[in-house]
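Subject: Structure handover

Hi,

Here is the structure for you to load. My notes follow below it.

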Amino acid sequence: MSRLSIETPGRAQTVLGGLHRDMGRRISASQPGLCPVDMSLNFLRLCHAQTCGKCVPCRVGLSQLADLIEQVLDRTATKETIDLIEATARVIADSADCAIGYEAAHMVLKGVRGFREDFEEHAFHGRCICALSHPVPCVSVCPAHVDVPGYVALVREGRYSDAVRLIRKDNPFPSACAYVCEHPCEAQCRRRMVDDAVNICGLKRFAVDHGEDTPVPEKAPETGKTVAIIGGGPGGLTAAYYLTLMGHKVTVYEQRPKLGGMLRYGIPDYRLPQEVLDRDIDYILSAGIAVHTGVSIGKDLTMADIQRSFDAVYIAIGAHNDKKLGLEGETSKNVVSAVELLRGIGEGKAPDFTGKKVCVVGGGNVSMDATRTALRLGAESVTCVYRRRVEDMTALAEEIEEAMAEGCQILPLQAPARIEADENGCVTALWTRPQHIGPYGSDGRPKPVAADAPEFRIPCDYVIVAIGQAIEAKPFEAVGVTTQRGAIQADLSSAVPGLDNVFAGGDAVSGPATVIRAVAAGKVAADNIDAYLGFDHKIHTDVEIPPAHLTNSPPCGRVNLKNRHLDCYCGDFTLLKEGMTLEEAQQEAGRCLRCDHFGYGIFKGGRNTEW
Ligand SMILES: Cc1cc2nc3c(=O)[nH]c(=O)nc-3n(C[C@H](O)[C@H](O)[C@H](O)COP(=O)(O)OP(=O)(O)OC[C@H]3O[C@@H](n4cnc5c(N)ncnc54)[C@H](O)[C@@H]3O)c2cc1C
Ligand code: SF4
Ligand code: SF4
């Protein structure tokens, strides 16, 4: 008999491995609105099942903690019980031998400190306060609360125009979002419990690409009230659209020659073609909105004039100023900001990078757009320099992968140190300081730390800086608008504190974010401006949603959109992603579990048909 033998995982181990994966998917698909105390207890039990049993704090302490939390849920706990939960968790965290114990105790500590009021509500009143008005996971997580199961069901039935009409109840930018939305709704799609999230955004694209033009809904009778919108980006135009439907007379002021904001002057055409954006804008304007382009508030008109002339004002100016690196050599010729570069292209002034070496600094989505755009402008090489690791980049993983697949290089763990220029002041190189990854910071991400290694020289002809955007709020400060950490201050209703008829939202308030967050802010502003003007208009739709049927839906792969084949990227700004085929759209729509009808959806009130 041999002394050693090849070890293969036993059947139980293999099955358990699969169960772990299923559980991981299930936890990440947890819908918003679950009882946090109940979840804490169950996480704790899961952690307790992992204990090796060697040390007492972990083996015994975790089960004591579970008993105490159970008392909270049984309503037999007192204030002292909750204090005891905190004290016990602290002792276990300090004394357990290994991460199995102390991390489990940390989880309880975070919970009892982070949502103590939920513990108290259960213990003292026997009720859960995690009520949620949008019980369907994808609808809750979409910032504009678009009726996802409704439009997915309509796509499945081939009713594409109705799908788009339904989306427009909550989001007047269905086309732009179908092409570039970062689709947070998919992160918690319940289908992940079965296999993978439904491609919600891809199905929206199928609907907008196949739907036919429909007229805008009937407007409410004229109210005689006037509203000025400053900024013609997605946030401003969303507010303008809904306020017009509510019967108010709306005027949009936009400083650039065309409407669209960052959708036109930021996002490159290979991701969002201008004609796709124009579909949304033409539809919005067909509601009857007055537009003054080429008018900058602060230069051509003052904010005080606007505030005086209108009953209400919505400031949605976005974040268009660039942020500086603050490094030696930054004023050299051919150092450009990403927003400046992309805006120039949007205005038809594309630079020629033929044969040039380009360095891009930054790790977000804008840096990926600048990187891939530089390649399309003819650059011989494009290197994106980032001070953290690739996995720490805030750009979407898909954008990073595609940039690399197109031939761009990502150089992680290099912090820009200075920019070298020749005797004519033109960039010749970017010098970087090598980093290594260090301890986690308060933002929950590992921080880069200067490595004990010499500075690194990257020869280049252009440096594109993509490290964030700032807000130009000066013209608005004159009437009392205040800023904090570079963003306009507005409360959750969008009202600007201390000013009677002024509201603000979108990137200007949140800082650089996403299209759908700007749309959601515009929707909130429209609702509250309407109330401020003394009305209670409702936005609704007459689209009928197909009934949900109980069907068997076995695990099935998710349909992802594919890139079209390209021999050469140089000069090619035409749309890269291909939409789904009919066959794919049907299959993908069929994967939706109709959470509006099954599960919590039906218990917690089904869908919101108006707002
Ligand atoms: C390169 C790039 C790529 C992006 N990619 C994505 C993406 O893929 N997906 C996604 O969801 N989001 C993306 N975003 C973010 C998204 O574009 C923004 O979050 C969104 O456009 C913000 O909308 P907004 O209406 O608040 O502001 P903006 O879109 O910035 O619009 C503000 C408008 O106000 C105008 N304005 C400013 N000041 C004045 C003034 N004083 N007078 C008159 N008009 C004024 C501006 O000209 C502009 O048109 C990207 C952003 C950039 C820069
Ligand atoms: S707008 Fe974006 S987040 Fe909302 S449902 Fe569509 S893809 Fe999802
Ligand atoms: S399965 Fe359908 S309804 Fe449920 S979360 Fe996913 S997309 Fe939404």
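The notes go from domains to sheet, then to two ligand shells and two single residues.

Please keep in mind that this is a predicted model.

**Domains**

The domain assignment splits the chain into four parts. Domain 1 covers 34-125. Domain 2 is made of 137-215 and 541-603. Domain 3 is made of 226-320 and 471-532. Domain 4 covers 322-469.

I looked at the pair formed by domains 2 and 3. Their C-alpha centres are 27 Å apart. At the contact, 19 residues of domain 2 meet 24 residues of domain 3. The domain 2 side of that contact has 14 nonpolar, 3 polar and 2 charged residues.

**The sheet and its helices**

There is an open sheet of 5 strands. Its order is E3-E2-E1-E4-E18, and the pairing is parallel. Strand E3 (290-293) and strand E18 (502-504) are the edges, each pairing on one side only. From one strand to the next, the twist averages 20 degrees.

Strands E1 (residues 226-230) and E2 (residues 249-254) run parallel and are joined by 5 bridges. Within this pairing, Ala228 has Thr251 of E2 as its bridge partner.

Two helices pack on the sheet. H12 touches E1, E2 and strand E4 (312-315). The direction of H12 makes about 165 degrees with that of E2. Helix H21 (residues 515-532) touches E1, E4 and E18. The direction of H21 makes about 165 degrees with that of E4.

**Ala239**

Where does Ala239 sit? Its place is in helix H12, which spans residues 234-245. Is Ala239 buried or exposed? Ala239 has 34 other C-beta atoms within 10 Å. The cut-off for buried is 20 or more, so Ala239 counts as buried.

Contacts of Ala239 beyond its neighbours within four places in sequence are Ile229, Tyr314, Ala316, Gly522, Ala525 and Ala526. Ile229 falls within the range of E1 (residues 226-230). Tyr314 falls within that of E4 (312-315). Gly522, Ala525 and Ala526 fall within that of H21 (residues 515-532). Ala239 and Ala521 are 282 residues apart along the chain, yet their C-alpha atoms are separated by 8.2 Å.

**Ligand 1**

The shell around ligand 1 has 41 residues. Which of them are closest? They are Gly231, Gly233, Gly261, Gly318 and Gly506.

Several elements each supply at least two residues of this shell. Among them are H12, E2 and H21, which also appear in the sheet section. Helix H13 (262-265), helix H16 (338-346), helix H17 (365-376) and helix H20 (507-510) do so too. By class, the ligand 1 shell has 21 nonpolar, 15 polar and 5 charged residues.

**Ligand 3**

Ligand 3 is surrounded by 15 residues. The closest are Cys138, Pro149, Cys189, Cys592 and Cys595. Helix H7 (137-141) and helix H8 (148-156) each supply at least two residues. Which helix gives the most? H8 does, with 3 residues. The ligand 3 shell has 12 nonpolar, no polar and 3 charged residues.

**Ser140**

Ser140 is in helix H7. Ser140 has 19 other C-beta atoms within 10 Å. Buried needs 20 or more and exposed needs 12 or fewer, so Ser140 is partly exposed. The C-alpha atoms of Ser140 and Gln188 are separated by 9.3 Å, with the two residues 48 places apart along the chain.

Best regards

Definitions and conventions
Residues are numbered from 1 along each chain as its sequence is written. Chains are lettered from A and ligands numbered from 1 in the order in which they are written. This is a predicted model: local features need pLDDT of at least 70, side-chain atom pairs count only at pLDDT 80 or more; totals for chains, interfaces and linings use all residues. Domain bounds come from an automatic or database domain assignment. Two residues are in contact if their C-beta atoms, placed from the backbone, lie within 7 Å. Ala, Val, Leu, Ile, Met, Phe, Trp, Tyr, Cys and Pro count as nonpolar, Asp, Glu, Lys and Arg as charged, and the others, Gly among them, as polar. Helices (H or I, at least four residues) and strands (E, at least two) are DSSP runs, numbered from the N terminus. Two strands pair if DSSP finds at least two bridges between them. Axes are lines fitted to C-alpha atoms, for helices over the stretch in contact, and angles run from 0 to 180 degrees between N-to-C directions. A residue is near a molecule or strand if its C-beta atom, placed from the backbone, lies within 6 Å of it.
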